[in-house]
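Subject: Structure handover and notes

Dear colleague,

I am passing the structure on to you here, and my notes on it follow below. Please read them with the model open beside you.

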Amino acid sequence: GGETKQRGEDDLDLPWGSSQNWALRDNIQKYVVDIPQLEDENGSSTYAMWRALTRDVMELAGYNAKDLRKMYVEIKKDENKNGKENAPGVLPLLDDFEFQPNGGVSGKIEGLKGIADGTTVQTSPLVHVQLTVPRGYVLTEDGSSAYELGLPLSEEAYSMDLAKMNINFQNVNADDVAKTLASGVEETGRVATNLVVKMGDKETTQMLVNLGALTGITLGGAAAVNMLSHHLTLNVFWV
């Protein structure tokens, strides 16, 4: 591996050389998915499982999604001198995850605006798990949210859940996933998904104090916040 200097390298937390360049270039497409329900402000619905990429590809271990996206753009600039290509988006991560009886999944959240990294959350029911889980993510039934999956809380429970939900990692074709998700897209306005934040009393009180300051989350009156035992249910609106 040489030490080929690349634009943007000086801003990275870790050194970047030609071995990282080739590792990103050669592997990224295996981790890219299209989620038509989640178009961003630029009209793009392409996302990458960036954390899975850093877990699986030795040369990219330790790099964060922000750095990898930056270097992806630089690589594309070198390949196509005349055009500008945005890097695939980043989904919030659910780590130490486990599937729940309500059809959702719980885990420690990372990268979701307004909710502290490491907070344990539970999603609303999921859809198309047979297609999305082998690709490294989950999508909520209402189409409003998707999450990259980290590592399961229990490998044993995860294996049992895969068998129970008839999830097969061998027979999933990326084109089939795209077609199925595209066929499920409906013209809706602002859709909401329930995200349950699990906490103790002290944290719950602090969360209520901070609710008004949350960015990226719109809370619609008393109906949006339901205090049930030690759970706080947020209606999270993507706007």
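Which element gives the largest share of the lining of the second largest pocket? Before I come to that, please keep in mind that this is a predicted model, and that whatever I report below was computed from it.

The pocket

The answer is α2, which contributes 3 residues to the lining of the second largest pocket. This pocket has a volume of about 280 Å³, and of the 16 residues that line it, the closest to its centre are Ala52, Val133, Pro134, Arg135 and Gly136. Sorted by class, its lining comprises 10 nonpolar, 2 polar and 4 charged residues.

The chain as a whole

The protein chain holds 7 helices and 12 strands, and 42% of its 239 residues count as buried. Among the contacts between residues at least 6 apart in sequence, 59% join residues at least 24 apart.

The nonpolar cores

As a general background, nonpolar side chains tend to be buried together in soluble globular proteins. In this model the largest nonpolar core has 30 residues, and those with the most contacts inside it are Leu24, Ile35, Trp50 and Leu53. At least two residues of this core come from each of α1 (18–27), β1 (32–34), β2 (46–48), α2 (50–56), α3 (65–79) and β8 (137–140), with the largest share, 6 residues, supplied by α3. There is also a second, separate core of 17 residues, which includes Val105, Leu126, Val133 and Leu162. Val133 is thus named twice in these notes, since it belongs to this second core and is also among the residues closest to the centre of the second largest pocket.

To look at one member of the largest core in detail, you might select Leu53. Once its neighbours within four places in sequence are left aside, leucine 53 is in contact with Leu24, Asn27, Ile28, Tyr31, Leu60 and Leu68.

Helix α5 and the cavity

Which residues of α5 are buried, and how are they placed around the helix? The buried ones are Tyr158, Asp161 and Leu162; seen down the axis of α5, they fall within an arc of 100°, so they line one face of the helix. On the other side of α5, Glu156, Met160, Ala163 and Lys164 are exposed. The buried residues of α5 pack against β4, and Leu162 is also one of the residues of the second core.

The count of cavities of 30 Å³ or more comes to 1, and about 40 Å³ of space lies in the largest cavity. Its lining is made up of Phe97, Glu98, Phe99, Pro152, Ser154, Ala157, Tyr158 and Asp161, and the elements that give two or more residues to it are β4 (93–99) and α5 (155–164). By class, the lining of this cavity has 5 nonpolar, 1 polar and 2 charged residues. Two of the buried residues of α5, Tyr158 and Asp161, therefore appear again in this lining, with α5 placing its buried residues along one face.

Three loop residues

Asparagine 166 follows α5 and lies in the loop between α5 and α6 (174–183). Although it is not a glycine, asparagine 166 has a positive phi of about 60°, and, because its relative accessible area is 60%, it counts as exposed.

Histidine 128 likewise is a residue other than glycine with a positive phi, in this case near 55°. Its place is in the loop between β7 (126–127) and α4 (129–132), and at 27% relative accessibility histidine 128 counts as partly exposed.

Glycine 111, finally, is in the loop between β5 (105–110) and β6 (120–122). Is this glycine buried or exposed? Its relative accessibility is 52%, so glycine 111 counts as exposed. Not counting residues up to four places away in sequence, glycine 111 touches Pro92 and Asp117, while its C-alpha atom is separated by 8.6 Å from that of valine 90, which is 21 residues apart from it along the chain.

With best regards

Methods: Residues numbered from 1 in each chain as written. Predicted model: local features only at pLDDT ≥ 70, side-chain atom pairs only at ≥ 80, totals over all residues. Heavy atoms only, no water. Core = buried A, V, L, I, M, F, W, Y, C linked by side-chain atoms within 4.5 Å. Buried < 20%, exposed > 50% of the residue type's maximum accessible area, 1.4 Å probe, protein only. Helix = DSSP H or I, 4+ residues; strand = E, 2+ residues; numbered from the N terminus. Contact = heavy atoms within 4.5 Å. 1 Å grid on protein atoms, 1.4 Å probe; cavity = no way out; pocket = protein on both sides within 12 Å on 5 of 7 lines; lining within 4 Å. Points joined across faces, edges and corners; volume = space filled by probe spheres on them. Nonpolar A, V, L, I, M, F, W, Y, C, P; charged D, E, K, R; others polar. Arc of directions from axis to C-beta.
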